[in-house]
Amino acid sequence: MKRGENLPVWSIILFVALGLFVLVFIIATVSFFLILSRKDDPVFDEGKVDLSVTHYGPYADKLIDCITAMRGEKSEELCITSHDGKKLYADYYDRGFDKTAIMVHGYRSNPLNNFSYIGRRLLDKGYNLLFIHQRVHGKSEGKVIGMGQYEYKDVLKWLDLIAAKESVKKIVVYGTSMGAATVGYMSDKIKSDKVKLLVMDCGFTSYIDQLGYLFKSGNAPILFAGIFPFFLWGGLIGVKMQRSTTDCIKNTTVPMCFIHGENDIAVPIEHSQINYEACPTEKLLITVPEAGHTTSLLVGGEQKTDEFLSFLDTCVSK
């Protein structure tokens, strides 16, 4: 091409397309790792979160009282090594009971925020508590959150540790939000007959279903920030958006309880309804009017909590 001549139109289009591709690739990669990187939420009683502007607001005093009470309970720190070499930690509230509840918290949350309310009730009913700190949370190692797809293998290792204790005869595994999905993914892989109940509290059917719901609800940026980066990178690291908890639940042999708030705008109640219908074992679905994400039993109070505990007693007594 001679000096002064313009570039052909096709070459300009090619350069622009290539530039846009590189830009989208960079943004998508950054978005993906921001979504799955470490960013722990503070415990609510530390005063770093204004609960009055969240859906916890009307129940903030009750929740903080429960967190304070749990902080006063004696626990010991346990540590295991994951299947891929990560050091994982948990707090074990061992009261010498023959029953233990393994509690699996949600995305970028922590056990005290998610389980202080129901944890207190379980302690009173004669359960030891294992408050897991999922990988990439708290002291537990890791760089990438697996949205339950790495984590279910971690929980199976915690389960093996507790099941190996001769004093523990019966085990319950309770997960909320991403922790509930973790329980869903492990539901068809339970080998110990000590496990009497699996609980999925506001869990999703699949990550792509959840993001699709958020997109339909008017959160348009989620289409790019959540979906595209996963198509680009998720499969390479083993986190598949379409992997379904429902498919695992169809093959479980353990009784299950599904809990969901009817006002949950993060994970729609339909996800728990779908998983409930798919479950082939003894099961219970508890829905709570007015409850948002991860607040069902807190909002439902004594009535819904007693409904859950009654079903728990039925399953554990067998």
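**Stop 1: the largest pocket**

Select helix 6 (207–216). With four residues, helix 6 gives the most to the lining of the largest pocket. The model on screen is predicted, and the pocket is computed from it. The space in this pocket comes to about 840 Å³.

Now show the lining, 33 residues in total. Centre the view on Asp-41, Tyr-107, Ser-177, Ala-266 and His-293, the lining residues that lie nearest the pocket centre. Next, colour the elements that give two or more residues to this lining: helix 1 (9–36), helix 3, helix 6 and helix 7 (222–237). Then colour the lining by residue class. There are 16 nonpolar, 13 polar and four charged residues.

**Stop 2: the second largest pocket**

Move to Asp-91, Asn-110, Pro-111, His-133 and Gly-138. Of the 18 lining residues of the second largest pocket, these lie nearest its centre. The volume here is about 260 Å³.

Which element gives the most to this lining? Select strand 2, which supplies three residues. Helix 3 and strand 4 also belong in the selection, since each of them, like strand 2, supplies at least two residues. By class, the lining holds seven nonpolar, six polar and five charged residues.

**Stop 3: the cavity**

Helix 3 has now come up at both pockets. Keep helix 3 selected: with six residues, helix 3 gives the most to the lining of the largest cavity. The count of cavities of 30 Å³ or more comes to one. About 160 Å³ of space lies in it.

Sixteen is the size of the lining to show, and Asn-114, Tyr-117, Thr-294, Thr-295 and Leu-298 are the residues closest to the cavity centre. Add strand 5 and helix 10 (296–316), which, along with helix 3, give two or more residues to the lining. The classes here are eight nonpolar, seven polar and one charged.

**Stop 4: the sheet**

Hide the side chains and switch to cartoon. The chain has 10 helices and eight strands. Look for an open sheet of eight strands. Trace its order as 1-2-4-3-5-6-7-8, with mixed pairing.

Select strand 1 (76–81) and strand 8 (283–288). Both stand at the edges with a single partner strand each, so one side of each has no neighbour in the sheet. Then look along the sheet to see the twist. Neighbouring strands are turned by 20° against each other on average, direction ignored.

Zoom in on strand 6 (residues 195–201) and strand 7 (residues 256–261). This pair runs in the parallel sense, over four bridges. To find one of the residue pairs, pick Leu-198; its bridge partner in strand 7 is Met-256.

**Stop 5: helices on the sheet**

Add helix 5 (residues 178–186), which packs on the sheet and touches strand 3, strand 5 and strand 6. The direction of helix 5 makes about 130° with that of strand 5.

Go back to helix 3 (residues 111–124). Helix 3 lies across strand 2 (87–93), strand 3 (99–104), strand 4 (127–133) and strand 5 (170–176). Against strand 4, helix 3 runs at about 170°.

**Stop 6: Thr-100**

Select Thr-100, which sits in strand 3. Is Thr-100 buried or exposed? Its relative accessible area is 0%, so Thr-100 is buried. Which residues does Thr-100 touch, leaving out those up to four places away in sequence? Show Tyr-92, Tyr-127, Asn-128, Leu-130, Ile-162, Val-168, Lys-170, Ile-171 and Val-172.

**Stop 7: two positive phi values**

Most residues other than glycine have a negative phi. Two loop residues are worth a look here.

- Arg-108 lies in the loop between strand 3 and helix 3. Its phi is positive, about 55°, although Arg-108 is not a glycine. At 13% relative accessibility, Arg-108 counts as buried, because the cut-off is under 20%.
- Met-147 lies in the loop between strand 4 and helix 4 (151–163). Phi of Met-147 is positive too, near 50°. Met-147 is buried, with a relative accessible area of 4%.

**Last stop: the whole chain**

Zoom out and colour by burial. Of the 318 residues in the chain, 53% are buried. Finally, draw the contacts between residues at least 6 apart in sequence: 76% of them join residues at least 24 apart.

Methods
Residues numbered from 1 in each chain as written. Predicted model: local features only at pLDDT ≥ 70, side-chain atom pairs only at ≥ 80, totals over all residues. Heavy atoms only, no water. Pairing = 2+ DSSP bridges. Axes fitted to C-alpha atoms, helices over the stretch in contact; angles between N-to-C directions. Contact = heavy atoms within 4.5 Å. 1 Å grid on protein atoms, 1.4 Å probe; cavity = no way out; pocket = protein on both sides within 12 Å on 5 of 7 lines; lining within 4 Å. Points joined across faces, edges and corners; volume = space filled by probe spheres on them. Nonpolar A, V, L, I, M, F, W, Y, C, P; charged D, E, K, R; others polar. Buried < 20%, exposed > 50% of the residue type's maximum accessible area, 1.4 Å probe, protein only.
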